[in-house]
Amino acid sequence: MTLLRSALYLPANRAGAVAKARNADCDAVILDLEDAVAPDAKEDARNAALQAAREGGFGERLLVVRVNGAGTPWHTGDLAALARLDAGLIDAVLLPKVSDAALLRDARKALPNGMALWAMVETCAGCIALDAIAAAGRQAGLTTLVMGTNDLALEMRCGSDAARTPMLPLLTRAVVTARAHGLAVLDGVFNALDDEDGLCRESKQGALLGFDGKTVIHPKQLCTVNAAFGPSPDEVQQARGIIAAFARPENSGKGVISHDGRMVELLHLRQAEQTVAMQEAIERRAAPGASRAD
């Protein structure tokens, strides 16, 4: 199982942040060439991202580069530079402001096939075309949708509250679309670095909605986000109990059994197996000397 509970954004041209990310408790590192980098530092950031990829050292974490958007002076150069990297040095390219499937097809032509695509959902047009983007994207190597809630809220001109009320229909639609097309999907960032309760609340909401994980903007947010998108000890215990119950000889071949005073179906068994698989992946990740090959 590939863990994707947390994806940490950091400016690619900040060498100190990149160095710390190699040991950060995140499942993906996103080297940013876009929003976090000033226009006069774009070339330096691109070169720094390439150097970081060549140096490696990110272990089992997915390494992703967010390029500048289509129509900017840097987009084509970003893709061309990443295409020259040796195979396997980065896992995916994150495309910002994906509003139609054509952008994905163009990026696929510019990049080697082994380099997956991630797409940011952060425009109103992108939300409207999301099903078409996901359908066409799978053919282009799209594996993950990433909600860009800050840019989306700006374009919508909507307000905000603790429950993210204006965003809820779009967040739910993103999850449904991702599942329909076999994609992973990440929730947007939480901006208030000193609001631990708010981060916890929003992370739990994202997990409840069905997101695989959440993008974060600072390492201090990782512990809370990982906890929200990973199984609790009680959930793991219950899952193992369901698996053990179905494995008993008297329950062989049954589609429904009685367990702990309730009826449990095969769909609950599948959920339990997924929960245990995630917990085992987390434990392997935390083991000394763990590597991506695990």
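A disulfide is a pair of cysteine sulfur atoms within 2.5 Å. Keep that cut-off at hand for the first exercise, and remember throughout that this is a predicted model.

**Exercise 1. Cysteines and disulfides**

Work out why C124 does not take part in a disulfide, then do the same for C200.

*Solution.* Let's start with C124. The closest cysteine sulfur to its own belongs to C127, at 6.4 Å, and this is too far for a bond because a disulfide needs the two sulfurs within 2.5 Å. Next comes C200. Its sulfur has that of C223 as the closest cysteine sulfur, 10 Å away, which is again too far for a bond. Now check the result against the whole structure: a search finds zero disulfides. As a last step, look at the surroundings of the two residues. C124 is partly exposed at 26% relative accessibility, and C200 is partly exposed at 27%.

**Exercise 2. The nonpolar cores**

Find which residues touch the most other members of the largest nonpolar core, and which helix gives the largest share of this core.

*Solution.* Begin with the core as a whole, which has 62 residues; L31, L82, V93 and L95 touch the most other members. Then ask where the members come from: helix α2, residues 42-55, supplies the largest share, five residues. To see one of these well-connected residues up close, select L31 and skip its neighbours within four places in sequence. The contacts that remain are L10, A12, V18, A49, A52, L63, V64, V65 and R66. Finally, there is a second core, separate from this one, with 16 residues, among them Y9, A116, M120 and V189.

**Exercise 3. Two positive phi angles**

Locate K97 and R164, and decide for each whether the residue is buried or partly exposed.

*Solution.* First, the background: most residues other than glycine have a negative phi. K97 departs from this with a positive phi near 50°. Its place is the loop between β4 (92-95) and α4 (101-110). With 35% relative accessibility, K97 counts as partly exposed. R164 is not a glycine either, and its phi is positive at about 55°. It lies in the loop between α7 (149-156) and α8 (168-180). R164 has a relative accessible area of 9%, so it falls under the 20% limit and is buried.

**Exercise 4. The surroundings of H259**

Describe where H259 is found and what its side chain contacts.

*Solution.* Start from the secondary structure: H259 is in strand β9, residues 256-259. Its relative accessible area is 11%, so H259 counts as buried. Next, look for polar partners. The side chain of H259 makes a polar contact with the side chain of D260, at 3.5 Å. Then leave out residues up to four places away in sequence, and H259 touches G241, I242, A245 and V264.

**Exercise 5. Cavity and pocket**

Give the volume of the largest cavity and of the largest pocket, and name residues that line each.

*Solution.* Take the cavity first. A search of the whole structure finds one cavity of 30 Å³ or more. The largest cavity has a volume of about 40 Å³, and its lining is made of F190, A192, L193, D195, E196, L199, K220 and Q221.

Now turn to the largest pocket, with a volume of about 1000 Å³. It has 35 lining residues, of which M1, F229, Q274, T275 and M278 are the closest to its centre. The elements that contribute two or more residues to this lining are β5 (116-121), β6 (142-147), α10 (222-229), α11 (233-247) and α12 (266-286). Of these, α12 gives the most, six residues.

**Exercise 6. Following F229**

F229 lines the largest pocket. Which helix holds F229, and which residues does F229 touch?

*Solution.* F229 sits in helix α10. It is buried, since its relative accessible area is 6%. Leaving aside residues up to four places away in sequence, F229 touches R5, S203, G206, A207, F211, D212, G213, K214 and M278. Of these contacts, M278 is also among the residues closest to the centre of the pocket. To finish, check a distance along the chain: F229 and G241 are 12 residues apart, and their C-alpha atoms are separated by 21 Å.

Note on methods: Residues numbered from 1 in each chain as written. Predicted model: local features only at pLDDT ≥ 70, side-chain atom pairs only at ≥ 80, totals over all residues. Heavy atoms only, no water. Core = buried A, V, L, I, M, F, W, Y, C linked by side-chain atoms within 4.5 Å. Buried < 20%, exposed > 50% of the residue type's maximum accessible area, 1.4 Å probe, protein only. Helix = DSSP H or I, 4+ residues; strand = E, 2+ residues; numbered from the N terminus. Contact = heavy atoms within 4.5 Å. Polar contact = N/O pair within 3.5 Å; in protein donor to acceptor, adjacent residues only side chain to side chain. 1 Å grid on protein atoms, 1.4 Å probe; cavity = no way out; pocket = protein on both sides within 12 Å on 5 of 7 lines; lining within 4 Å. Points joined across faces, edges and corners; volume = space filled by probe spheres on them.
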